Every structure is written in C-alpha cells, then in structure tokens.
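Biologist: Please pick a single part of this model and take me through it closely. I would also like to hear first where I should hold back from reading too much into it.

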Amino acid sequence: MSNEIEAIHQRYQRRQQIPSATLYDPLNPSCYMLHQEKRQALIRWINWANLAPVADKRLLEIGCGNGNNLSLFMSLGFQAENLVGNELIEEHARNARRLLPIGTQVLVGDASNIFIMFLTYFRFCVLMSCVGLPSHDFLRCFLADFN
C-alpha cells in the first residue's frame, strides 16, 4: 500500500472520532449552508467550463464516499448512467450503491489504478473529493501518467 493510501486511511480513522451526526446532519446550519455553497459553486463551474447541457456529460468522482456529491450532480442534470464513483473504503462504497440509482457505477479501490484509464479512454470530467487533500507527489504521479 502506498504512503498516500495509508495517509488516507489514517485521516479516515481520525475522522471517526467525530460523531457522524455532527458531520452530516442536514438540519445543522453548517451542513446545509455548505451544501448550498457547494451546489452554487458547481453551477458556476459547469457554466465556466461550458459543460451545459450536462445530460450527456460523464463524470468520475474520486473519493465518492456515500454518494452525496453524485446525487447532487444528478440534481443538476447529469444522468445516473454517466456518473462513476470511486471509493477507497468498501463500507462507504456499499452505502453509495444503496443511495444511488442502479445505473451509477461505484468502483472500490485505489483511484490511481483507474484514474488514467477514465481520462484517456472515456474523457470523463473528474471531481476529487478526499478526506484531506492528496499530496503533491500523488497528483504529480497522475499528471505524469496522463502526459
């Protein structure tokens, strides 16, 4: 296991010390305001990147967790069958599969094993959602492989 993957596991372990109700409670102002800000930022990004209409666009989310961001993308017009989630933690991937429509794929494992394939062969938009930001070395590895 790479150092980056181990670091991600450690961040998840530290995060487990925080009660999940405080992290994701939709009635908590810090949660719903963050959700609203994220939605507005994604709409701005879609417009800035000239992606609209998005019904035919494909998107890969690295670090999809329980699938909440992928659900958000569906609410913005992306089609379930054009969305793919990648999650390192098996339990989170199972939760995402329960939340998301059958047409949405959720792949388990190290994103570095699938990232380049999706960019090269399928021309996906990529969203990286991580517990903590990946190291520069990790991102440099992706960029080196993609170039």
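**A close look at β1 and its surroundings**

Modeller: Happy to! Over residues 133-147, pLDDT (the predictor's confidence in each residue, from 0 to 100) stays under 50, and the model has 21 contacts beyond four places in sequence for them, a contact being heavy atoms within 4.5 Å. Where pLDDT is low, the predicted coordinates should not be read in detail. For the chain, the mean pLDDT is 79, with 77% of residues reaching 70 or more. This is a predicted model, so local features need pLDDT of at least 70 and side-chain atom pairs count only at pLDDT 80 or more, while totals for chains, interfaces and linings use all residues. Residues are numbered from 1 along each chain as its sequence is written, and side-chain values use heavy atoms, with hydrogens and water left out.

Now to strand β1, residues 59-62; helices (H or I, at least four residues) and strands (E, at least two) are DSSP runs, numbered from the N terminus. In a regular strand the side chains alternate between the two faces of the sheet. Here Leu59 and Glu61 point one way from β1, Leu60 and Ile62 the other, and all are buried, that is, under 20% relative accessible area (exposed is over 50%, partly exposed in between; 1.4 Å probe, protein chains only).

β1 pairs with strand β2 (residues 83-87) in the parallel sense over 4 bridges; pairing takes at least two DSSP bridges. Opposite Leu60 stands Val84 of β2. Helix α4 (residues 68-75) joins the two strands in a right-handed β-α-β unit: with the strands pointing away from the viewer, the path from the first strand over the helix to the second runs clockwise.

Leu70 ties this picture together nicely. Its contacts beyond four places in sequence include Leu59, Glu61, Leu83 and Val84. Leu59, Leu70 and Leu83 are also among the residues with the most contacts inside the largest nonpolar core, which has 17 residues; such a core is a set of buried Ala, Val, Leu, Ile, Met, Phe, Trp, Tyr and Cys residues joined through side-chain atoms within 4.5 Å. The largest share of this core, 3 residues, comes from α4.

Finally, look at the loop between α3 and β1, which holds Pro53 and Asn50. Most residues other than glycine have a negative phi, and most peptide bonds are trans. Yet a cis peptide bond, with omega about -5°, joins Ala52 and Pro53, and Asn50 has a positive phi of about 60°. Asn50 is exposed, at 67% relative accessible area.
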